[in-house]
Amino acid sequence: MKYEGKEAGDDDTEDIMTLRTMLNFERAYELEMKQETGMKDEFGKTYRKMPNGKTLKDSLHSYFIAMTKEKAEHIKTKINLEGFLNFYKSSGMKQAFITEFKRRIG
């Protein structure tokens, strides 16, 4: 993502969202939603919240710590991070997760 607050030629103005980062976000989201919806694992045990377990919000926070505060705030505002964080665990989104997860695993 090119950061608009700096000159385009600056070497430090591009942030790389690596596959590793995206997979980390995906795993945190999937586990958190399994816990939130009470889904069961392959052994029939209900997914439960773990003390100090990392959430998607925690993962995103860690990602933003790695950049300057100005850059992080710019991106958070541009993508409406607060709105997303208030919406992604809503009842409608939980149902959409269950439907999509079941579709993918057959």
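Okay, let's start with the surface: this chain exposes about 8,100 Å², and carbon and sulfur atoms supply 54% of it (Shrake-Rupley areas with a 1.4 Å probe; for residues, only the protein chains shown count as cover). Before I go on, this is a predicted model, with local features needing pLDDT of at least 70 and side-chain atom pairs counting only at pLDDT 80 or more, while totals for chains, interfaces and linings use all residues. Residues are numbered from 1 along each chain as its sequence is written, and side-chain values use heavy atoms, with hydrogens and water left out.

So, the fold. We've got 5 helices and 0 strands, taken as DSSP runs numbered from the N terminus (helices H or I, at least four residues; strands E, at least two). Of the 106 residues, 24% are buried, where buried is under 20% relative accessible area, exposed is over 50%, and partly exposed is in between (1.4 Å probe, protein chains only). Now contacts, meaning heavy atoms within 4.5 Å: take those with a separation of 6 or more, and 61% of them are between residues 24 or more positions apart.

Let's zoom in on helix 2, residues 56-65. Its buried residues are Leu56, Ser59, Leu60, Tyr63 and Phe64. Look down the axis and they fall within an arc of 135°, so they line one face of the helix; that arc uses the directions from the helix axis to the C-beta atoms. What do they pack against? Helix 1 (19-37), helix 3 (69-79) and helix 4 (81-87). Flip to the face turned away from the buried side, and you find Lys57 and Ile65, exposed.

On to charges. Side chains of opposite charge can pair when their charged atoms come close. My rule for a salt bridge is a side-chain nitrogen of Lys or Arg within 4 Å of a carboxyl oxygen of Asp or Glu, and that gives 8 of them.

One is Lys49 with Glu36, closest N and O atoms 3.0 Å apart. That pair links distant parts of the chain, 13 residues apart: Lys49 sits in the loop between helix 1 and helix 2, Glu36 in helix 1. Lys49 is exposed at 58% relative accessible area, while Glu36 is partly exposed at 22%. Both belong to a salt-bridge network with Glu32, Lys89 and Lys94.

Last stop, helix 5, residues 91-105. Which side chains meet Glu100 there? Arg103, at 2.5 Å from N to O, and Arg104, at 2.7 Å. Arg103 is 3 residues from Glu100 and Arg104 is 4, about one turn of the helix in each case. Glu100 is partly exposed at 28%; Arg103 is exposed at 58%, and Arg104 is exposed at 64%.
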